[in-house]
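Here are a few exercises to work through at your own pace. Keep the structure open beside you and try each task before reading its solution.

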Amino acid sequence: MENEVLSYDALVIGGGIAGEETALNLAKMDYKVLLVEKELSIGGKMILLSKVFPTLDCAACITTPKVSETARHPNITIFTGSEVKGVEKKGERNFEARILRQPRYVKEDACTGCQECEPVCPVVVKDQYQFNLVGRKAVFVPFSIANPRIAAIDIENCSLCGACERACPADAIDFSQEPEEKTYQFKSVVVATGYKLFDPIKMPRYGYGKYKNIITSMQMERELAPTRPFNTILRPGDGKMPDNLAYVLCTGSRDHTVGNPICSQVCCMYSIKQAQLLMGALPMADVTIYYLHIRSFGKGFNEFYETAKGMGVEFVKGKIGKISEKENGNLVLRYDDIETGQVKEVEHDMVVLSVGILANDEIGQVFKTQKLEFDDYRYVKQIDELKRPAMTNIEGVFVAGAASGPMDIPDSILSAGSASSEAASYLALTE
Amino acid sequence: MAGEKQRTVKVIKEKRTVSEEVKANIKHYNKMKKLIKDALKEGPKTIPEIAKATELPAHEATYYVMSMRKYGDVVTGEIDDMDEYFYYHLNQKN
C-alpha cells in the first residue's frame, strides 16, 4: 500500500467502548492512534446490547455516535478483523507490534453495505452476532449498525460459487485478497481487550445446550434488542411466546467449582434490566429472579431494583441445584430456598442464565520481551490500583476497561479516561 | 468471452477447495427450506405445526423458520387464540 503509515503514537488493542474512548481521547490530543479490533466491527459487546441500566437508555443510541466519531477521526486508523500477534519493547518509548490483518474478501472502499450479496449466497450458518439464535449467510454484513458497515466473506464456510461477486452492484467482492502481516512502531500501548462471557455448558447440571429453552443473558439481550433475531421474545425450543421466565443469577461467577470465585459486578443489574424490559415486552408474563445477593451498589441501582420489584418482578433468594426438562419443553428448577432452608421445585417455561464474566487473558501471549502480569483472576494486573489504576508492569503499556477486572459501562469509560491520560503523559515525555 | 468481467472467485478456487462439511451444510439447509416451504404451501402454521409436518425437532424448526424469515422467504402472521404461538406463512412476494 502506498503511503502506508507504519508508525503511530499509540496502539490501542480492542475496539470496545474502552478502546474507543481511549483512542478518541488520545486522538483529540493530536496523537496518532492505531486501533486494532479482532471482530469485523468496532463497538465491542455494548453495541449488541438492547438498553443500559439504570437509565434504560437505548445502548445503540449511546454507543453508535462514539463508534462513528472514532471511525471518522483523522488521527485514528482502525483495523478490524485483525489481531496483534506480538508486541516487543525495543527500548524506551519504542514498541514494535506485528499485526495480522485478515482479508474481508470485500473492498472496503467500494462496498456500500447494500447487502445485495446476501440473498444470492446459498450458505446459511449460525450467526455469531445473534449468539446462534438464527442463521446468517457466508457473505454478510455483521449486523445492521456495524461500523464499518461493510460486508465480509466467511471464507471457511464459503461455497466459492461466486454468486455474490456477480450480484454485487459495486464490484466490491475481491477473492484475491490475502492475509497481511506487518510490523508497526508505537510509543505506547493500551490494552482494552475487555472480557469473555462464561460458557454455561461448563455447568451440566443447568442443562444449557441440552435443553433448548434455556438461554444465556446475552441471547436474551439479543431477543430484546431492536435488531433482534426473532420478531419478538420467543423460546428457541419451539417458538412459543414465554409467559413464565426465570433468571438464574451468578451462573459461572462467585463459584469456586467453575474456577471463577469473583462477582461479575454487572449480572444482577443487567438481569433486573432485562426483567423490566420483559415486563414491557410481555405484559402478561411472570418473571422470577433467583439470586444469592442482589448487588445494586451503583448510583441509582437500588432504586432500579426497587422499581423492578414494584413492576412485579419476583425475587427469590435461592441457590439453583439442578434444572431438568419436561416433555412440553418447560423447565423444572430445583433450588435451595435460602429464606426457609427448604429444597423446592418450581416450573418455568423459559430460563435465562445470567452468565458471569471472565478475564480475556489471551493478551498475555502477545507481549514477547517483557511478560504482562496478571492478577489472581487472570485480569491485567494494576500495579498501583489506588493511585494509577491504568498502569501495568510494563512501562508504556496501560490498561483500560474490563481488561483489568469486571466493570460496567460507565466505569469502563472512566477507566479508559485514566488510561488515555496516563498514555498521554507518557507520550508527552518524548516531545 | 469478450466483455465478461474477470471474476476474482477464479483466483481463490485455484488455492482453496470447498470442504465436504460446507457442501453438506448447503444441501441440508436447502432440504430444510424445501420441507418448510412445502409445509406452508397448505397455509400458515405455527412452529410446532411445522415441526410436526416436517418431522423436524421443534428447536430446529424454530432456527430454520427464523432464518427463512430473516431472508424474506417466510413472514410472521397472527398469534394463535392462546397467545402462545405465531403463525408463519410463505412470503407471496417471492
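The exercises below concern a predicted model.

**Exercise 1. Find the residues that touch the most other members of the largest nonpolar core, and the helix that gives the most to this core.**

Solution. Start with the core itself, which has 75 residues. Within this set, A:Met220 and A:Ile323 touch the most other members. Next, turn to the helices: H6 of chain A, residues 267-281, contributes nine residues, the most of any element. Now look around A:Ile323. Leaving aside residues up to four places away in sequence, its contacts include A:Tyr206, A:Tyr211, A:Ile214, A:Val248 and A:Leu353. A:Arg205 is also among the residues that A:Ile323 touches. Finally, there is a second, separate core of 39 residues, with A:Ile17, A:Ala27, A:Val33 and A:Ala416 among them.

**Exercise 2. Describe the contact between chain B and chain A: how many residues does each chain give, and how much area is buried?**

Solution. First count the residues: 33 come from chain B and 43 from chain A. Then take the area, which is about 3,200 Å² between the two chains, with 58% of it on carbon and sulfur atoms. On the chain B side, B:Arg16, B:Tyr63 and B:Tyr71 supply 18% of the area that chain B buries against chain A, more than any other three residues.

Now add the polar side of the picture. Four salt bridges link chain B and chain A. B:Arg16 forms a salt bridge with A:Glu156, where the closest N and O atoms are 3.3 Å apart. There are also 17 residue pairs in polar contact between the chains, both residues being at pLDDT 80 or more.

Last, ask which element of chain B gives the most to the side that touches chain A. The answer is H4(B), with eight residues. By type, the residues on this side of chain B are 17 nonpolar, seven polar and nine charged.

**Exercise 3. Two residues of chain A that are not glycines have a positive phi; for each, decide: buried or exposed?**

Solution. Take A:Asp30, with a phi of about 75°. A:Asp30 lies in the loop between helix H1 (17-28) and S2 of chain A. Exposed means over 50% relative accessible area, and A:Asp30 has 58%, so A:Asp30 is exposed.

Then take A:Leu160, with a phi of about 55°, in the loop between S9 and helix H4 (163-167) of chain A. Buried means under 20%, and A:Leu160 has 4% relative accessibility, so A:Leu160 counts as buried.

**Exercise 4. Where in chain A is A:Pro54, which follows a cis peptide bond?**

Solution. The bond runs from A:Phe53 to A:Pro54, with omega near -5°. A:Pro54 sits in the loop between strand S2 (33-36) and helix H2 (59-72) of chain A.

Notes. Residues are numbered from 1 along each chain as its sequence is written. Chains are lettered from A and ligands numbered from 1 in the order in which they are written. This is a predicted model: local features need pLDDT of at least 70, side-chain atom pairs count only at pLDDT 80 or more; totals for chains, interfaces and linings use all residues. Side-chain values use heavy atoms; hydrogens and water are left out. A nonpolar core is a set of buried Ala, Val, Leu, Ile, Met, Phe, Trp, Tyr and Cys residues joined through side-chain atoms within 4.5 Å. Buried means under 20% relative accessible area, exposed over 50%, partly exposed in between (1.4 Å probe, protein chains only). Helices (H or I, at least four residues) and strands (E, at least two) are DSSP runs, numbered from the N terminus. Contact means heavy atoms within 4.5 Å. Buried area is the accessible area (1.4 Å probe) that two parts lose on being put together, summed over both. A salt bridge is a side-chain nitrogen of Lys or Arg within 4 Å of a carboxyl oxygen of Asp or Glu. A polar contact is a pair of N or O atoms within 3.5 Å; within protein, one must be able to donate a hydrogen and the other to accept it, and residues adjacent in sequence count only if both atoms are side-chain atoms. Ala, Val, Leu, Ile, Met, Phe, Trp, Tyr, Cys and Pro count as nonpolar, Asp, Glu, Lys and Arg as charged, and the others, Gly among them, as polar.
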